[in-house]
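Reader: Hey, I just opened this one and I'm new to it. Mind if I throw some quick questions at you?

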Amino acid sequence: MELIKLVGVLIVIVGFALKLDSILIIFLALIATGLAGGLGIEGLLEAIGTNFVANRSMAIFIMILLVTGVLEKNGLREAAANLIRKVKGATAGKVIAAFGVMRAAFAAFNVGFGGVAGFVRPVLLPMAEAAVTNQGYEMDENHLEDIKGMSSAMENFMWFFFQVLFVGGSGGILVQTTLASLGYEVDLLSLAAAEIPVAIAALVVSCVVTVMKDKKLSKKYYDKKK
Amino acid sequence: MEALKFIQINPDLNTSLVNIVWILIGLITIYAGIKNLRDEENPSRVGTAMFWCTFGVVCAFGTWLPAKVTGALVLLMCLPPIMKKVKVGKSEAPTKEYTAKQYEKVGMKIFIPAFTVAVFSLAFALFTNISSMLAITGGVFVAVIILMAYNPKENKAPVFLKESERFLSLMGPLCMLPQLLGCLGGVFTAAGVGDVLAGIVGKIVPEGNIYIGILVYAIGMVVFTMIMGNAFAAITVMTVGIGGPFVLALGGDPVTIGMLALTVGYCGTLLTPMAANFNIVPVAILDMKNRFSVIKNQVVVALIMFTIQVIMMMLSVR
């Protein structure tokens, strides 16, 4: 009965559908899969420990938090907002799109830009907010929620689709070794080259979608109040 | 690219220094635990402290602890959040008046420490073989020093710790969700979940049509990535199970098909709460109301990029 191994997958799908607590869902799925998959208690604990430690790089944002708060305390949000007030015709969508271009350039070198904690929160959001209030509108709560969502989304789009241009990045290496196991030898440079049109498409699509969505939202929230 | 990297350090040194980074991060979270244990305004002092301290211990000493012990600690760490016993204590968010006053004092040069992490990351990646974790840490340290120099009276060392505690508490237990999901991915792999899923998909693909093969491979990558929360976990299983026999064996171009399959998988990453570090942690950092606000804003782009890439894969068939 191989299908029993999928019990964890089932827990995850049902759990998120029922809007249960995320940690509870993962906790249950971990234990159920470990037992159904025949890992045993020791094997399960070992797999959890090894993988938790191996994924510590995801906690690096905690290091960045060391300065995020103090930067905000020292007026970074105000500085970002004032800077954008000098740019005529700036809208939240355009500000986020401009960020996307810069983020893409960094991602192509396989480096981050401070991430959500280091850049989006203390610099990008105040800029996007200032772009809205600068047009004489009072920030609508729901618009702000979408601005936050679009900013994080832009960070993800550019990171995902531009990081693969970096020759020797982990994604390309994984594809290379996977193909090699099937008997296809490919080099990392042509793998990265294959992604160039994808990355350009991602940049154009992300920026256009963001600017258009923000335009629509601005109309929805502010037009009637004019 | 490699020729640019004129600063080379010993890989062992890289590893040892990165271990120091983990110890520092562990100490920051342990500080958060102790602060809350002693905080009389926190309605759940023990649970909160237990969570943050355990997280800190695992981060700081995971390199040396036996994997079984770490695993047990991780499960223990899950209990306070599941029982809703991780709470926010006393916190002093700076007022708007305060930050406006600081802005008048510091002015636009506040951007310099704001960009050090990015500049360090780029410079280290271009010119050295030093780990990006060390680059980020170096950037943070320089930012701390610059901030101290700007305002030596107010930006003292404990202020940085207090502020990071404020943000950690604001984010709460979601901080460790990405790593916990990494565990689930690992346990799925160890239990052979991927092979079972690929086997099911393999049974329903009609053999002999490369275009149907590409479509199934691509949809498989998206769905699989959404379940595992990670395209890396999906690409190996799906390529061996579906991509190889149903696409490449029929003459698909391994470079385009194999590589684009990964970024097709990324479209799945954009759609799943299982990719917590990308889709859920920002909800906490940016204080959003709906935990699906990031994913909601990614659906349109993910679907367009999926379509574009599937078409490109199909066009690459000779």
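Reader: How many residue pairs are in polar contact across the interface of chain A and chain B?
Author: There are 25 such pairs, counting those where both residues have pLDDT 80 or more. Keep in mind that this is a predicted model.

Reader: Which helix gives the largest share of chain A's side?
Author: That's helix H8 of chain A, residues 141–163, with 15 residues on the side that touches chain B.

Reader: And how does that side of chain A divide into nonpolar, polar and charged?
Author: It has 68 nonpolar residues, 29 polar and 18 charged.

Reader: Okay, salt bridges. What's the count between the two chains?
Author: The count between chain A and chain B is 3. As for one pair of side chains, B:Lys289 and A:Glu141 meet in a salt bridge, at 2.9 Å from N to O.

Reader: How many residues does the contact take from each chain?
Author: Chain A gives 115 and chain B gives 132. The area buried between them is about 11000 Å², and carbon and sulfur atoms give 79% of that.

Reader: Which residues in chain A lose the most area to chain B?
Author: A:Phe52, A:Arg56 and A:Lys73, which together make up 8% of what that side buries.

Reader: New topic: how many disulfides are there?
Author: The structure holds 0 over all chains. A:Cys207 has its nearest cysteine sulfur, that of B:Cys267, 16 Å away.

Reader: Is A:Cys207 buried or exposed?
Author: Buried, because its relative accessibility is 15% and the cut-off is under 20%. B:Cys267 also counts as buried, at 1%.

Note on methods: Residues are numbered from 1 along each chain as its sequence is written. Chains are lettered from A and ligands numbered from 1 in the order in which they are written. This is a predicted model: local features need pLDDT of at least 70, side-chain atom pairs count only at pLDDT 80 or more; totals for chains, interfaces and linings use all residues. Side-chain values use heavy atoms; hydrogens and water are left out. A disulfide is a pair of cysteine sulfur atoms within 2.5 Å. Buried means under 20% relative accessible area, exposed over 50%, partly exposed in between (1.4 Å probe, protein chains only). Contact means heavy atoms within 4.5 Å. Buried area is the accessible area (1.4 Å probe) that two parts lose on being put together, summed over both. A salt bridge is a side-chain nitrogen of Lys or Arg within 4 Å of a carboxyl oxygen of Asp or Glu. A polar contact is a pair of N or O atoms within 3.5 Å; within protein, one must be able to donate a hydrogen and the other to accept it, and residues adjacent in sequence count only if both atoms are side-chain atoms. Helices (H or I, at least four residues) and strands (E, at least two) are DSSP runs, numbered from the N terminus. Ala, Val, Leu, Ile, Met, Phe, Trp, Tyr, Cys and Pro count as nonpolar, Asp, Glu, Lys and Arg as charged, and the others, Gly among them, as polar.
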